[in-house]
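Here's a quick briefing to read with the model open beside you. It goes through the cysteines, then the sheets, then what packs inside.

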Amino acid sequence: RGQLKIAVAAMAARCRLAARFHHVHGTNVRLDASRTRATRVESFANGLCFSQEPLAPGQIFLVEIEEKELGWCGHLRVGLTAHDPQSLEVVPEYSLPDLVNMGDTWVFAITRSHNRVTADGEEVPARARSPPWEPFLLIEQVRIPRDTLVGRSRPGRYSHILDDLYKMNVLPATARRSRIGVLYAPQPDGTADMHIVINGEDMGPSARHLPTARPLYAVVDVFASTKSVRVIPVEYGFPSLQTLCRLVIEKHIVHRLAIDGLDLPPPLKSFCKHE
């Protein structure tokens, strides 16, 4: 138990350090002073960003879409690369196809639906969505607190018509405030599978046989209709009592706005509504 606590603490510290963007980025990107917010200031391209540090096995790099820009076709692109951003002579204009064509890079466009990649001869199973009140998302042997992973709309106007998941107020993948993450899970053969997580749901392996002998950096391409994203730190630990209370309450209500009618202290109501 003591070693587990040390490992969790080490992962948490590493995640806090890595939860920002690398100072090397596309020519149209502007980072804020903390390097946690990336905004594309011109055009629709040259919005390529990287994680400050290589990711550890099972470590998720999570961003939230903060601003959208009308008039462009295409959405956020995320993935992993074995190229150290510092070693790039020129940051490519696009992640797809430019960075991918350099090799040792795996990037996918975020859309409203995703398909997993199967091993040779393996059939594609129906992906079972785990209940949203479960406190952890389990990917291979990795347990990630789910609460931070889920992007939600602000309660109130239009929250009831956003999408089929309106009861929990979970957003579509490409919407503002949606949260997108990428990680890699080591496999017994020494390689790794890349997973993309959208609003707390694992999309399954998006790419297989990634080399783990080289450091892998997160790739975030602030492309086209996505104008600005913010890095969300993820703490690898146990959910707080507040979070556990919220999960139980969400399990027993029809809609998040029903929380207003419960006999709860106002601060807890606001917390339960993700305000």
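**Cysteines, sheets and cores**

Cys 73 sits out in the open, with 73% relative accessibility, which counts as exposed. Keep in mind that this is a predicted model. Two sheets and two separate nonpolar cores make up the rest of the tour, and the bullets below take them by topic.

**Cysteines**

- Cys 49 is the opposite case to Cys 73: Cys 49 has a relative accessible area of 1%, so it falls under the 20% cut-off and is buried.
- Don't go looking for a disulfide, as the structure holds 0 of them.

**The sheet of 4 strands**

- This one is open and antiparallel, and its strands run in the order 3-12-5-6.
- The edges belong to strand 3 (48-50) and strand 6 (105-109); each has a single partner strand, so one side of each has no neighbour in the sheet.
- On average, neighbouring strands here are turned by 20° against each other, direction ignored.
- Strand 3 pairs with strand 12 (residues 217-221) in the antiparallel sense, over 3 bridges.
- If you want a spot to zoom in on, Leu 48 has Asp 221 in strand 12 as its bridge partner.

**The sheet of 7 strands**

- This sheet is open too, with antiparallel pairing and the strand order 1-2-13-4-9-10-11.
- Strand 1 (29-31) and strand 11 (201-211) are at its edges, and each has just a single partner strand, so one side of each is left without a neighbour in the sheet.
- Neighbouring strands in this sheet are turned by 25° against each other on average, again ignoring direction.
- Strand 1 and strand 2 (residues 37-40) pair up antiparallel over 3 bridges, and Leu 31 has Ala 38 in strand 2 as its bridge partner.

**What's packed inside**

- The largest nonpolar core has 32 residues, and Phe 21, Phe 61, Val 63, Leu 76 and Val 220 have the most contacts inside it.
- Several strands give two or more residues to this core, including strand 4 (61-68), strand 5 (77-81), strand 9 (179-186) and strand 13 (226-231).
- Strand 10 provides the largest share of this core, with 4 residues.
- Val 220 is worth clicking on: leaving aside neighbours within four places in sequence, its contacts include Phe 21, Phe 61, Val 63 and Leu 76. Val 220 is also in contact with Leu 48 and with Cys 49, the buried cysteine from above.
- There's a second, separate core of 12 residues, and among them are Leu 137, Leu 149, Ile 232 and Val 234.

Technical notes. Residues numbered from 1 in each chain as written. Predicted model: local features only at pLDDT ≥ 70, side-chain atom pairs only at ≥ 80, totals over all residues. Heavy atoms only, no water. Disulfide = S-S within 2.5 Å. Buried < 20%, exposed > 50% of the residue type's maximum accessible area, 1.4 Å probe, protein only. Pairing = 2+ DSSP bridges. Axes fitted to C-alpha atoms, helices over the stretch in contact; angles between N-to-C directions. Core = buried A, V, L, I, M, F, W, Y, C linked by side-chain atoms within 4.5 Å. Contact = heavy atoms within 4.5 Å.
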